[in-house]
Amino acid sequence: MSLEKKIELLKKIREFLILNLEIKKLMKELDVDEEVYNAYDKVVDILRSPNIKLYRMYYDAVKEMFYEEYGKKRKEIEWYPTIDYKKCKNCGKCINFCPRGVYDIENDKVVVKYPFSCIINCNACATMCCENNAIIFPNKKIPVKES
């Protein structure tokens, strides 16, 4: 598969993830029946594993994806987590939370294995981290390119 096709697939997955967040937000606002919301949530959860697998399989393409809103390729955007191992308890919450599979286990230790898969300006995993606040992000958000 060509790099361009891989990038096209990853862009579609990115759109899918964004759309699902928007749908869930709207369902909350509309106070959709909890059974319907939970059923939708289960469907999204089923797709989580293959989406992570694709992000990992095509990591070369992830780094080459061009982000219009930032005017750069992903590999040029320095937004990704680091782990303070003095604080990390290896609880694995970050691994279970991240929808793009940024984290993995190596030598029985949580690592940031796929940093450029991280969603730019997202730091939600840091709030899911154990109470030790072991996940660290850059101090400033990445600014969107002015039109």
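**Exercise 1. The contact between the domains**

Task: Find how much area is buried between domain 1 and domain 2, and which residues of domain 1 lose the most.

Solution. Start with the total: about 970 Å² is buried between domain 1 and domain 2, and carbon and sulfur atoms give 54% of that area. Buried area here is the accessible area (1.4 Å probe) that two parts lose on being put together, summed over both. Next, look at the side of domain 1: Arg-48, Arg-56 and Tyr-59 lose the most area to domain 2, together 57% of what that side buries.

A word on the model before going on: it is predicted, so local features need pLDDT of at least 70 and side-chain atom pairs count only at pLDDT 80 or more, while totals for chains, interfaces and linings use all residues. Residues are numbered from 1 along each chain as its sequence is written, and side-chain values use heavy atoms, with hydrogens and water left out.

Now place the two parts. The domain assignment gives residues 1-64 to domain 1 and 78-139 to domain 2; such bounds come from an automatic or database domain assignment. Taken over C-alpha atoms, the domain centres are 19 Å apart. Domain 1 brings 9 residues to the contact and domain 2 brings 13, where contact means heavy atoms within 4.5 Å.

**Exercise 2. Polar links across the contact**

Task: Count the salt bridges and the residue pairs in polar contact between the two domains, then see which helices of domain 1 take part.

Solution. First the salt bridges: the count between domain 1 and domain 2 is 1. The term asks for a side-chain nitrogen of Lys or Arg within 4 Å of a carboxyl oxygen of Asp or Glu. Arg-56 forms a salt bridge with Asp-104, with the closest N and O atoms 3.8 Å apart.

Second, the polar contacts: 7 residue pairs, both residues at pLDDT 80 or more, are in polar contact between the domains. A polar contact is a pair of N or O atoms within 3.5 Å; within protein, one must be able to donate a hydrogen and the other to accept it, and residues adjacent in sequence count only if both atoms are side-chain atoms.

Third, the helices: H1, H2 and H3 each supply at least two residues of the side of domain 1 that touches domain 2. H2 gives the largest share of that side, 4 residues. Helices (H or I, at least four residues) and strands (E, at least two) are DSSP runs, numbered from the N terminus.

Finally, follow Asp-104 further. Asp-104 also forms a salt bridge with Lys-113, with 4.0 Å between the closest N and O atoms. Arg-56, Asp-104, Glu-106 and Lys-113 are linked in a network of salt bridges.

**Exercise 3. Helix H1 and its cover**

Task: Describe the span of helix H1, its buried residues and what covers them.

Solution. Begin with the span: H1 (residues 3-29) has 27 residues and reaches 39 Å from its first C-alpha to its last, close to the 39 Å expected at 1.5 Å a residue. The expected span is 1.5 Å times one less than the number of residues.

Then list the buried residues of H1: Lys-6, Ile-7, Leu-10, Ile-13, Arg-14, Leu-17, Asn-20 and Met-27. Buried means under 20% relative accessible area, exposed over 50%, and partly exposed in between (1.4 Å probe, protein chains only). Their cover includes helix H2 (34-57), helix H3 (59-64) and strand S1 (66-67).

For a view from H2, take Asn-51, which lies in that helix and counts as buried at 9% relative accessibility. Leaving aside neighbours within four places in sequence, Asn-51 is in contact with Ile-13, Phe-16 and Leu-17. After H1 comes Asp-31, whose phi is positive, near 55°.

**Exercise 4. Two salt bridges of H1**

Task: Compare where the partners lie in the salt bridges of Glu-15 and Glu-69.

Solution. Glu-15 pairs with Lys-12, the closest N and O atoms being 3.8 Å apart. Both lie in helix H1, 3 residues apart, about one turn of the helix. Glu-15 is partly exposed, at 45% relative accessible area.

Glu-69 pairs with Arg-14, and here the closest N and O atoms are 2.4 Å apart. Glu-69 lies in the loop between S1 and strand S2 (72-73) and Arg-14 in helix H1, so this pair ties together parts that are 55 residues apart in sequence. Glu-69 counts as partly exposed, at 27% relative accessibility.
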